[in-house]
Amino acid sequence: MGRSRKSKPLLKKVTITDVAAEGKAMCRVEDRVVFVQRTVPGDVVDVQVTKKRRNYYEGFPVFFHEYSSIRQEPMCEHFGVCGGCKWQALPYEHQLKYKEREVVNNLSRIGKVTLPDVTPILRSEKTEFYRNKLEFTFSNNRWLSEEELKTDEPVEHRNGVGFHIPGMYDKVEDVKKCYLQKDPSNAIRLAIKDYALEHGLTFFDLKKQEGFLRTLIIRTSSTGELMVILTLFHENKEWREGLLSFIQTKFPEITSLMYVINSKKNDTIADQDIVLFAGQDHIFEEMEGLKFKIGPKSFYQTNSEQAYELYKVTRDFANIKSHEVVYDLYTGTGTIANFVASQAKKVIGVEYVPEAIEDAKVNSTINGIDNTSFFAGDMKDVLNFDFIKKQGHPDVMIVDPPRAGMHADVVETILTTAPDRIVYVSCNSATQARDLNMLDVRYKVTKVQPVDMFPHTHHVENVVLLERK
């Protein structure tokens, strides 16, 4: 029995004309915008509408009349189902074009600021196996393909480990091979799955909140170290020790093997105790001779090689002099702060997460950096005039906020503090543009550099240099 299409219309023989937000393509039917999954400009398709709104529809292709001349064959068998790498059918050069266009459009239309010539987007040399961290979910209710639904053959089991289906919180695509993380990532995941099936270990049921195996995090590093974190829903010493011992024996290259018992309703382990089973409780990343300690809860840019390019752009834009004080706002684990410290008189890092600040301090210590100071707290509360008076007036500010951008109070403090230069690093050029509009009263944008961190997705980083008018 197929999945219900309900009473939504079927749009026949429409031509896809452009790329839109969130990795979808688009067309127009009778002056109505239609966003279509899994298509590229030039495709001619029948579209099954799944969402109707006054001004737009959303849908997916059910039949291709013509394939676009630019379309390429997706490399992954899970394309279009697992929700990742939505642009696999679009050649990389076209992906870069659309990402760069998005940055320019957002900065000019939302930001409404005068822009210099935007430097061409910085491409990623690796377009496959570029991530250093992936999280997989175990489920006893894996997604069944259309072929499995149509057959009369009984389904052997519904256990799987992979990624959540978009819009289906309780369904997981059972991933055979993922092209995002280098070996032995795929081998580890598949070996754990096979062991679990063979030994009767139960997979998590999200609706009923029961089962043993919950999530699997694999972190690799440029130094060759490898961290594996297994999340279990409840303790079962026999199952836990058997599985972890199997992983340790099967994959001796794992340098950090950890587990956590998480019986909460959500998957986050930030507030959980993570237990070391074997090896070290951390791995190291390396960049330009600097070492960065990565713990199980540490944030680090997930494309290590491209992170280096991003930080080089940031450092170049900042153009720090040896007598200057630098503030690194939203510093995370202090990666940028430590990366630019050798050029500055001193660097002040501020971050909301206390554990990240402790990591930042450790990273300064292990690299022999003694001109950094790090502070934890909500940015709008920490960054006040008493703090600035005590730490010193910033000549340069580097800001790398979350996707939501900066709080208006933070922007106001920056405007009042008036550093000579601001380097704004963003993973969301729409909220970046909103903030640039607020900063425009005192600053002009003098450089713009988009950086592609995530090939085959619509995500794009952008670095902007603002100089005081």
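Below are four exercises with worked solutions on this predicted model.

Local features are used at pLDDT of at least 70 and side-chain atom pairs only at pLDDT 80 or more, while totals for chains, interfaces and linings use all residues. Residues are numbered from 1 along each chain as its sequence is written, and side-chain values use heavy atoms, with hydrogens and water left out.

**Exercise 1. The open sheet**

Task: work out which strands stand at the edges of the six-stranded open sheet.

Solution:
- Start with the order, 1-5-6-4-3-2, with mixed pairing. Strands here are DSSP runs of E with at least two residues, and helices are runs of H or I with at least four, numbered from the N terminus. Two strands pair if DSSP finds at least two bridges between them.
- Now look at the ends: strand 1 (10–15) and strand 2 (18–19) have a single partner strand each, so one side of each has no neighbour in the sheet.
- Check one pairing: strand 2 runs antiparallel to strand 3 (residues 25–29) over two bridges, and V19 sits opposite A25.

**Exercise 2. Around strand 17**

Task: find how strand 17 is paired on either side, and how the chain gets in and out.

Solution:
- Take strand 16 (residues 325–329) to begin with: it pairs with strand 17 in the parallel sense over five bridges, and V325 faces K346. Between the two, the chain passes through helix 6 (residues 335–340) in a right-handed β-α-β crossover. Right-handed means that, with the strands pointing away from the viewer, the path from the first strand over the helix to the second runs clockwise.
- Next comes strand 18 (residues 372–376), also parallel to strand 17 over five bridges, with I348 opposite S373. Helix 7 (residues 354–366) carries the chain across, and this crossover is right-handed.
- Finally, burial: five of the six residues of strand 17 are buried, so the strand is largely enclosed by the rest of the structure. Buried means under 20% relative accessible area, exposed over 50%, and partly exposed in between (1.4 Å probe, protein chains only).

**Exercise 3. Two annotated acids**

Task: describe the settings of E351 and D400, which UniProt lists under "binding site".

Solution:
- Check the record: the unreviewed entry gives Q301, Y330, E351 and D400. UniProt positions follow the numbering used here, feature names are shortened, and annotations may be inferred rather than shown by experiment.
- E351 belongs to strand 17 (residues 346–351) and is buried at 12%. Beyond four places in sequence, its contacts (heavy atoms within 4.5 Å) include Y330, G332 and F375. A polar atom of the E351 side chain lies 2.9 Å from the backbone nitrogen of G332.
- D400 sits in the loop between strand 19 (396–399) and helix 10 (408–417), buried at 18%. Among its contacts beyond four places in sequence are Q301 and Y330.

**Exercise 4. Salt bridges**

Task: for D170–K207 and R315–E288, say where each partner lies and how accessible it is.

Solution:
- A salt bridge puts a side-chain nitrogen of Lys or Arg within 4 Å of a carboxyl oxygen of Asp or Glu, and the whole structure has 21.
- In D170–K207, the closest N and O atoms are 3.5 Å apart. D170 is in strand 9 (residues 168–174) and K207 in the loop between helix 3 (185–199) and strand 10 (213–220), so the pair ties together parts 37 residues apart in sequence. D170 is buried at 9%, whereas K207 is exposed at 58%.
- In R315–E288, the gap is 2.7 Å between the closest N and O atoms. R315 is in helix 5 (residues 304–318) and E288 in the loop between strand 14 (283–287) and strand 15 (290–294), 27 residues apart. R315 is buried at 18%; E288 is partly exposed at 44%.

Conventions:
Polar contact = N/O pair within 3.5 Å; in protein donor to acceptor, adjacent residues only side chain to side chain.
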